[in-house]
Amino acid sequence: MTINKSPFGQTKDGKNVDLYTLTDGDYSVEIITYGAAIRSINVPVGGVVRDVALGFDNIAGYEANKSYQGAVIGRIGNRVANSRYEMNGKTYNLDVNDGPNSLHGGFIGFDKQVWSAEETPDALVLKLTDKEGTAAGYPGNMEAETKYSLDKGELSIEYTATCSEDTPVNLTNHCYFNLAGHASGGIEKHKMQIFSHKITAIDDTLIPTGELKDVSGTPFDLRELVEIGPGLEKSCPQMEFGGGYDHNWVLSNEPHREPAIAAVLECNGLSMSCHTTKPGIQFYSGNMLTGEIGKNGAVYGKRTGLCLETQYWPNSVNTESFPAPLLRKGETYNHKTIYKFKEV
């Protein structure tokens, strides 16, 4: 793997943003230091290189966008009910930015900050200090690190973090995939398989009710490789609450020590499998994309990209029966997710 660095512009407040290109054979991935975001994933298919990740041409696009394109999400990915939680006998109030709830780390989460970058022989390492008092209500000073590497069609993302105080943490990546190409339109023809027989059922604010709902006989039964579109057309309360797929599938009751397969996605001669140490995966079908202008003038309308966000289950900080995303002072948070690409 080789790494090349180039400037990507400046933020509104004058911070320099760099773009790093990771290349391994015919595969390449672009990462920007704003949000530690994946800007492109270039994969050879039938002798032609195909960019399968949504993104923007300039830093202004990333600053303006509200869809978390390609970014690392923290401190807590997904939703926290009523924007608060209790820990060690204290109530913590968070940014309210999604109805009554807190979503993806608040108004200035990890996706809206510039990370520092370091090149190593086998990875690009991005680092961020999230300080208490500016961290959307989370306690302590957190040192977060995201390591990207590319090897033979496998994009690996490894997250580590430490904090000066006990804190919840649930880092994930919000890349939007379209295996037919980032500018190819809707994702309804994609085929999906998720290795799980339960979802965390949600209410009308997309917060889990606490019920682990069996997927049998529902549009959420993706245990076999099936086309996404027909499920999106089916009417049921869970689909209506999410406006489509926007749910967490239960992979395990506790994190894995090594990445285990979670999902497979296929379209137009390309397959991507997702492997993770996390106990859950959020399949989001891009229901709230609103026609943003992306790379090379591509229009990213509703359901033109989908996300597979590996994670602790949503609202785990408020649900005792869910795996707890708690990082204790003096301990190290460490998780890994791998996206593997191959022609089919």
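Let me start with strand β23, residues 270–276, where seven of the seven residues are buried, so this strand is largely enclosed by the rest of the structure. Please keep in mind throughout that we are looking at a predicted model. If you follow the side chains along β23, you will find that L270, M272, C274 and T276 point one way, while S271, S273 and H275 point the other way, and that all of them are buried.

Which strands pair with β23? One of them is strand β22, residues 260–267, which pairs with β23 in the antiparallel sense over seven bridges, and another is strand β29, residues 333–343, which also pairs with β23 in the antiparallel sense over seven bridges. For those who are new to this, strands of a sheet pair through backbone hydrogen bonds, either parallel or antiparallel. Between β22 and β23 there is a hairpin with two residues between the strands, and in that hairpin N268 takes a positive phi near 50 degrees.

I would like to stay with C274 for a moment, because at 0% relative accessibility this cysteine counts as buried. Its bridge partner on the β22 side is A263, and in β29 its bridge partner is Y339.

A cysteine in such a place invites a question: how many disulfides does the model contain? The count comes to zero. The sulfur of C274 is 11 Å from the closest cysteine sulfur, which belongs to C175, and this is too far for a bond, since a disulfide requires the two sulfur atoms to be within 2.5 Å. For C175 in turn, the closest cysteine sulfur is in C307, at 7.3 Å, which is again too far for a bond. C175 is buried as well, with a relative accessible area of 1%.

Let me now move to the beginning of the chain, where an open sheet of five strands has the order β1-β2-β3-β4-β5, with antiparallel pairing. The edges of this sheet are β1, residues 2–10, and β5, residues 48–51, and each of them has a single partner strand, so one side of each is left without a neighbour in the sheet. Neighbouring strands here are turned by 20 degrees against each other on average, with direction ignored. If we look at β1 and strand β2, residues 16–24, we find them paired in the antiparallel sense over eight bridges, and N4 stands opposite T21 in β2.

My last topic is the aromatic rings, for which the count comes to 14 aromatic pairs. A pair of this kind is described by the distance of the centres and the angle of the planes. In the case of F56 and Y62, the ring centres are 5.1 Å apart and the planes stand at 85 degrees, so the pair is edge-to-face. Both F56 and Y62 are buried, and together with F8 and Y300 they form one aromatic cluster.

A second example is the pair of Y176 and Y284, whose ring centres are 6.2 Å apart with planes at 70 degrees, so this pair is edge-to-face too. Where in the chain do Y176 and Y284 lie? Y176 is in the loop between β16 (172–173) and β17 (191–194), whereas Y284 is in strand β24, residues 280–284, so the pair ties together parts that are 108 residues apart in sequence. Both of these tyrosines, Y176 and Y284, are buried.

How values were computed. Residues are numbered from 1 along each chain as its sequence is written. This is a predicted model: local features need pLDDT of at least 70, side-chain atom pairs count only at pLDDT 80 or more; totals for chains, interfaces and linings use all residues. Side-chain values use heavy atoms; hydrogens and water are left out. Two strands pair if DSSP finds at least two bridges between them. Helices (H or I, at least four residues) and strands (E, at least two) are DSSP runs, numbered from the N terminus. Axes are lines fitted to C-alpha atoms, for helices over the stretch in contact, and angles run from 0 to 180 degrees between N-to-C directions. Buried means under 20% relative accessible area, exposed over 50%, partly exposed in between (1.4 Å probe, protein chains only). Rings of Phe, Tyr and Trp (its six-membered ring) pair if their centres lie within 6.5 Å; planes under 30 degrees apart count as stacked, over 60 as edge-to-face and the rest as tilted.
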